[in-house]
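Trainee: I would like to test the labels on this model. Can we go through them one at a time and see what each rests on?

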Amino acid sequence: MSSAASANAGTQKQYFDNLAQGRFLIQHCADCARHVFYPREICPHCGSDALTWIAPAGRATVYSCTTVARKPEAGGDYNVSLVDLEEGVRMMSSVVGMPPDQVRIGMAVRAVIGERDGAPAVLFEEVAR
């Protein structure tokens, strides 16, 4: 593994370790003041390595969504959404707590830490506007 790949694996490990401890964190660049997600060693906006971890507000909007159909014995249908955090980053996740086919583009959601496939994950729940 290259040193860059090894460093990035460490950054991703930090992200997942924090998630396992109940903390959802994204990165913020001290040089260009932009937020970064998925975790990286170098800011994709300006190339700086001045990235720090911050707790996002958790407020977001569904950018795109789809329902993945599965047989009930395989766990049933579920939602996959692209969600835009207030901080300006987009992440792939799921909106939970409602039927998957009721998730809509533009829906206001908030981040919650839940579980996906036995591991901690950032999920989203609908919020009233």
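Mentor: Start with V83. In this predicted model, V83 stands opposite M91 in β6.

Trainee: How do you know that β5 and β6 pair?

Mentor: Count the bridges. Pairing needs at least two bridges between the strands. β5 and β6 have four bridges, in the antiparallel sense. The hairpin of β5 and β6 has four residues between the strands. There G88 takes a positive phi near 100 degrees.

Trainee: What joins β4 to β5?

Mentor: Eight bridges, with the strands running antiparallel. One bridge partner pair is V68 and Y78, the latter in β5.

Trainee: What makes β6 and β7 edge strands?

Mentor: Each pairs on one side only. The order is β6-β5-β4-β8-β9-β7. These six strands form an open sheet with mixed pairing.

Trainee: Which side chains of β5 point to the buried face?

Mentor: N79, S81, V83 and L85 point to one face and are buried. Y78, V80, L82 and D84 point to the other face and are not buried.

Trainee: Why is S81 called buried?

Mentor: Its relative accessible area is 1%. The cut-off is under 20%, so the label holds. Leaving aside neighbours within four places in sequence, S81 is in contact with residues including V62, C65, M91 and V103.

Trainee: What makes the link between the side chains of S81 and N79 a polar contact?

Mentor: The distance is 2.9 Å. A polar contact needs N or O atoms within 3.5 Å, one able to donate a hydrogen and the other to accept it. The S81 and N79 side chains make such a contact.

Trainee: Now the rings. Why is the pair of Y15 and Y38 called tilted?

Mentor: The structure holds five aromatic pairs. In this one the centres are 6.1 Å apart, and the limit is 6.5 Å, so the rings pair. The planes are 50 degrees apart. Stacked needs under 30 and edge-to-face over 60, so tilted is what remains. Y15 lies in helix α1 and Y38 in the loop between β2 and β3, so the pair ties together parts 23 residues apart in sequence.

Trainee: Are Y15 and Y38 buried or partly exposed?

Mentor: Y15 has 4% relative accessibility and counts as buried. Y38 has 30% and counts as partly exposed.

Trainee: What makes the pair of F37 and Y38 edge-to-face?

Mentor: The angle between the planes is 70 degrees, and the class starts over 60. The centres are 5.3 Å apart. F37 is buried, at 17% relative accessible area. Ring pairs link Y15, F16, F37 and Y38 into a cluster.

Trainee: How do you know that the charged end of R90 sits over the ring of Y63?

Mentor: Its distance from the ring centre is 3.4 Å. The limit is 6 Å, and the charge must also lie within 35 degrees of the ring normal. The charged end of R90 is listed as sitting over that ring.

Trainee: How many disulfides does the structure hold?

Mentor: Zero. A disulfide needs sulfur atoms within 2.5 Å. The sulfur of C29 is 3.7 Å from the closest cysteine sulfur, in C46, so that is too far for a bond. The sulfur of C32 is also 3.7 Å from the closest cysteine sulfur, in C43, again too far.

Trainee: Which labels do C29 and C32 get for accessibility?

Mentor: C29 is buried, at 0% relative accessible area. C32 is partly exposed, at 25%.

Technical notes: Residues are numbered from 1 along each chain as its sequence is written. This is a predicted model: local features need pLDDT of at least 70, side-chain atom pairs count only at pLDDT 80 or more; totals for chains, interfaces and linings use all residues. Side-chain values use heavy atoms; hydrogens and water are left out. Rings of Phe, Tyr and Trp (its six-membered ring) pair if their centres lie within 6.5 Å; planes under 30 degrees apart count as stacked, over 60 as edge-to-face and the rest as tilted. Helices (H or I, at least four residues) and strands (E, at least two) are DSSP runs, numbered from the N terminus. Buried means under 20% relative accessible area, exposed over 50%, partly exposed in between (1.4 Å probe, protein chains only). Contact means heavy atoms within 4.5 Å.
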